[in-house]
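Please open the structure in a viewer and keep the selection panel at hand. The tour proceeds from the whole chain to individual side chains.

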Amino acid sequence: MRKKIFFNNNIPLPPLELLHFFFFALFTSLYTSLAQQLPREPMEWRRTYGRAPKMILLEANFVQFKEELLPKEGNKALLTFPFLHIYWTDCCDTEMYKSSVKEDMMRWQNSLRTHGSSDWVIIVVETNDTKKKNKTNILPRSSIVDKIRSDFCNKQSDRCVVLSDPLKDSSRSQESWNSLLLKLRTLLLMSFTKNLGRFEDEMRTLREKRTQPGWSFCEYFMVQEELAFVFEMLQQFEDALVQYDELDALFTQYVLNFGAGDTANWLGSFCAPVRNWSGLLLRRPIDMEKRDSIQRGEASLLDLRSYLFSRQCTLLIFLQRPWEVTQRALELLHNCVQELRLLEVQVLEGALDCWVFLSCLEVLHRIEGCCDPAQLAANCSHTVGLWAAAHTGTVLQSPYKKLKEALSSVEAFERHYLELSHAAMEMYQAIGRLRSARLVGKSLAEFYMRKGDPERAETFLQEALKSYVSEGWSLPVTHTRRQVAECQKLLSKTEDYLQTSALLAGDVNLTTDERKHFCQEILSFTGKSGDQSHKVTLSMGVFAQLTQLKFHPAAASVHSGAVLQVELTLRCLMPVSVRIQQLVASIHFEVDHGGTHGRSKGAQRRTHPGTVVFRQSNSSAGPPSSAGAGPSLELDEIQDRSPSDNSLNSTGVICKNTHLLMRRHDSNSPPDTPNCISPPTVGIKEGAQMLKVQDVTLEPGNNSITFTAPPGTYTLRQLCATVGEVQFILPHIYPSAQYEVYSQEPQLTVEPLSEPLLAGLPQKVKFTLLTGHYTVKKGDALQLSNTETMPILPSTKLVGESTLSIQSSEKVTSISLPPAPPYHTLEFQLEVLCIIPSGADRPANERLTNGEVRHRPRSYSHPDTPMTAIDQRMSIDCPWSIYSTLLALTFYIPFKTKHSLLSAGNRQYIQVCVQNVSDVNFALAEVKLTEKQHASLELQSLNTKTQQLLCCKHSVFCLWEVRWKDDLPSCLQCVFSANFSPLSQDISAYKPFHYQFQLERVTTLYSVKAEIFPPAGEQRCRSGVLCGLEVCITRLTEPAEGEIAEDSKTETDGPKTTKLMYEVADSSSNWAVCGKSSGMVLMPMTANATHKVQIEVMPLFAGHLPFPKIKVLKYLPHTAAVAIQPDPDSCVENDSLSLLDKTLDDQGDTASIRSRGSVHSVGSGDQQQKGVAMPRLEPFSPGQVFNHSHACQVLVLPATDDHIMEVNAT
């Protein structure tokens, strides 16, 4: 089998082969279809050693079987290896099979067995033409196949495949073709994987023998390249490239070892002199000439490297990575030069340059051939290195003419020197190598200085200085600055010269005498008397550095009247003492500070409170991070608070140095740092407020200067030192430093002493008064508005050593304050009691002392606790303000109370549940229940204990029986009352608790009794057997005066009646209702009126089964109400309720299968949507219907079972 991959010049790689034994006429008719359809479907190729599977296409070429083509022992060839052997036959005659076919198969298999080949398959072709010719001796096809499998495929039955009518267009033929193709692909891939793994193992074994004498790299090269060819034919170009990279790395390692003294015998052939330097050849996928020389062991170093790179280049282009070719090409050129030196190979002068030049052009030509012009233009940075290498290689070819002309005269030399220098700079700038371009420019600057042209020299020196400063080269920066200073002095650039001199005076790379010289240059200028209006402005970073700032006190915040000092630490960079006439710090007033109450958080780096440390950098040079990074973000928190209660409305973050971060930077201007070449001119902002000190002497090293801060909130912005006619200015102080001399308003806060505050019990709260700028005088008092829902309990508390006097009246509670100085703190405690709302009628809203309406607090559910919360707000009038201060406290009700009405026949009971949802244990006493409207009604308590324990998270249930003399009222107004107290307190601490509720429709109107009868002839019910269910509905009372039947029918002489709807359903699936499950009954509205209903039910299980659930509801006809719009509550939704989609006036029955688990309303949905009045159901209130059989059970026996059950007892 062959798999071919063609390249641009149509040269195929050596093919993979598949041998087959066949009858020529038979195979010729099948060859075309087989060769075309085999590679159409991909196969998953699973490789060894955990490598990822891949999808490949198998393209086959069939070769006629010849024994000489079988692989011999020791043959490592993989490309000419026959992977699968096929025997084709269309024999269907018994005599022919026995006489010839069987013997041919045996000879074929013996040959394969002799050469160790186990990958074979026998294909039996079945056609109708063969059957017609041999009708007399034809055996069934299955018999011929069975004989072949029996004779040759005992343990491998899948090695025999039947191909039915391959030349016909039928579904059977197509199915047979697909099966054959799948089998061939599978067997071929299995054989290929197995033999490839064997080949790789043999290749690794050969590689491990590389330390043995006689090992040849060229022989190993051909073996591993054959593996690369196989991967390439399978279009696995990445795996093929790996093989060549491994060969490249192995050869490189041997060359490096040779240079270190570890020689290998086979390297001798690569040490021969270079006779051919024709360069790379990339136009062919395989350079057969160089490959043959490698196979013969006659290749030179350049031949091996050229062939190896050409194969790598071909694969990289297949992988669509052409730019990697250029990168590898530069590495190849460099490595070949080094390897020739290591191996001491003789090369003719200029031959290596020719090889480099031709190779560069060949690579560029190959890249241009596979990429369009747009791609080349966009990726010119990948190819510029090759152009530069080609230029370098060609310079040496013709130097003589230009050198002769340049030495002819001074003018000619200067012209050629400048031409070559500018050309080199332009080329370096074009490819982005600015460092190399500026290095050439520095040489030009020295040339211009010798010519006496400092103006041109300074330009090139400044460009070189930019590179040295940005990259942090300290010594080159110092040397270049000295040259710049010399140029500036010759050009009379006073300010620039002073700036550069200041930088050199503080440069530690210079000697002390040199530094003093440049410092004296500055001091000499400051001592001159000139135009006082024009001062020279320099950057302070070249003169002194601000290293630290301290506030005294450390909080940097004092109230008015106190003293705040700002201490600066300056590190003087000059080598001698310098007298400063004036040192000024510019400050900026923060207007918005009073409203935001913000502080700088992220901007300040403080080693301890009250200290700001400033980042420093090298005075001569530094890395790019310190030289050009610029200022960091100066963030500040801003808060928006309510002016009434100081509550937080919103918060945010602002940037306070946007004027530094968002300003425009010119590409030609240097960065604003001490490392800059020529810092920009800066100045103090006009109209700015100042902190000043006079006559300060700065010694070399650290110096401390102290300022006194004025009142207000200020941020330090700039620093300026004046020395004669020179001003050294620090334009921005960063990180920012801010101080505050404030005037604070009094603040009053209240907070609970314990969490949470429980309603109904006395609770202690703490009041905290920050006096601020206000002086509390004798007689000053706080006026608290009293409310019914939260009275303040009378008490006397101490504030320090003073007594706090509290006086209460009907409306106001007055708290006398002791005298206190400004910015002092007063703390005192009060006891308050929040009344638990009982649910009674809400009285009218009260008014506070300031005239505002006090809205009564409402209880609400809190998401963080199961207790109900109540917000209580109090109004406080303070002597320092004309406005009232509103403070809020949140109380939590410790109880949750609920009630329920219970009935037993005609007897009624009221149950009240008190649940303790707090974390405190309480004791309940004097539990009572009263009715407010009916004196004849008696509520008899069934609670035996007079005092009960109510633990946290537990409940207490109380029960009363309702007794009446005449008639039971339809509505009851009840009041539940109890006294409660925490267990830790005595009986005098009990507090009342009330809970009001209303009960309506408390009279029992109907009783429902049910009875289940076994079938006739049985004493007990049995599972699976129908039983009788009798439901008896009885009216217990006469209709009340207020009871009006909406659907009552009044006849001439008959009583009033009402319609009831009943339904029998079993939600637990214990019963099957076989008769009617629901219906309507017409019930007389007289006492003891009874209606019985018989229903057939079937128990589904044995045991004590509960009765089926029986429901009774009111049935209201369509005349009961006229609906304008559909009311969603007009139809009762209940899990066990089912109604027919028709009018139930006919007492229609409903099957139990429709009654379970469904909810229907009477009438269609269209009629309801149109607003037509439809019949509806209304449930009875709790207690109006009493079900006697609610908890009854009936014994059901199992069905008669005649089966035998075996039981093992141990």
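The stops below cover the chain as a whole, one sheet and one group of aromatic rings.

**The whole chain**

Begin with the entire protein chain selected, bearing in mind that this is a predicted model. Colouring by secondary structure should bring out 25 helices and 54 strands. Of the 1210 residues in the protein chain, 44% are buried. The exposed surface of the protein chain amounts to about 63800 Å², and carbon and sulfur atoms supply 51% of that area. As for contacts between residues at least 6 apart in sequence, 71% join residues at least 24 apart.

**An open sheet of four strands**

Next, display strands 13, 9, 11 and 17, which form an open sheet in the order 13-9-11-17 with antiparallel pairing. Which strands stand at the edges? Select residues 611–613 for strand 13 and residues 701–708 for strand 17: these two are the edge strands, and each has a single partner strand, so one side of each lacks a neighbour in the sheet. On average, neighbouring strands of this sheet are turned by 20 degrees against each other, with direction ignored.

Now restrict the view to strand 11 (residues 565–572) and strand 17, an antiparallel pair joined by eight bridges. Within this pair, select Leu 568, which stands opposite Ile 705 of strand 17.

**Aromatic pairs around Trp 266**

For the last region, turn to aromatic side chains. The count for the model comes to 27 aromatic pairs. Select Phe 217 and Trp 266, which form a stacked pair, with 5.1 Å from centre to centre and 15 degrees between the planes. This pair links distant parts of the chain, 49 residues apart: Phe 217 belongs to helix 6 (residues 217–233), whereas Trp 266 lies in the loop between helix 7 (237–259) and helix 8 (288–296).

Add Phe 270 to the selection. What is the arrangement of the rings of Trp 266 and Phe 270? Their centres are 6.2 Å apart and their planes stand at 90 degrees, so this pair is edge-to-face.

Colouring by relative accessible area gives 12% for Trp 266, which is buried, and 1% for Phe 270, which is likewise buried. Phe 217 is also buried.

Finally, widen the selection to the aromatic cluster that contains these residues: Trp 215, Phe 217, Tyr 220, Phe 221, Phe 251, Tyr 254, Trp 266, Phe 270 and Tyr 307.

Note on methods. Residues numbered from 1 in each chain as written. Predicted model: local features only at pLDDT ≥ 70, side-chain atom pairs only at ≥ 80, totals over all residues. Heavy atoms only, no water. Buried < 20%, exposed > 50% of the residue type's maximum accessible area, 1.4 Å probe, protein only. Contact = heavy atoms within 4.5 Å. Areas by Shrake-Rupley, 256 points an atom, 1.4 Å probe, with all protein chains shown as cover. Pairing = 2+ DSSP bridges. Axes fitted to C-alpha atoms, helices over the stretch in contact; angles between N-to-C directions. Phe/Tyr/Trp six-rings, centres within 6.5 Å; stacked < 30°, edge-to-face > 60°.
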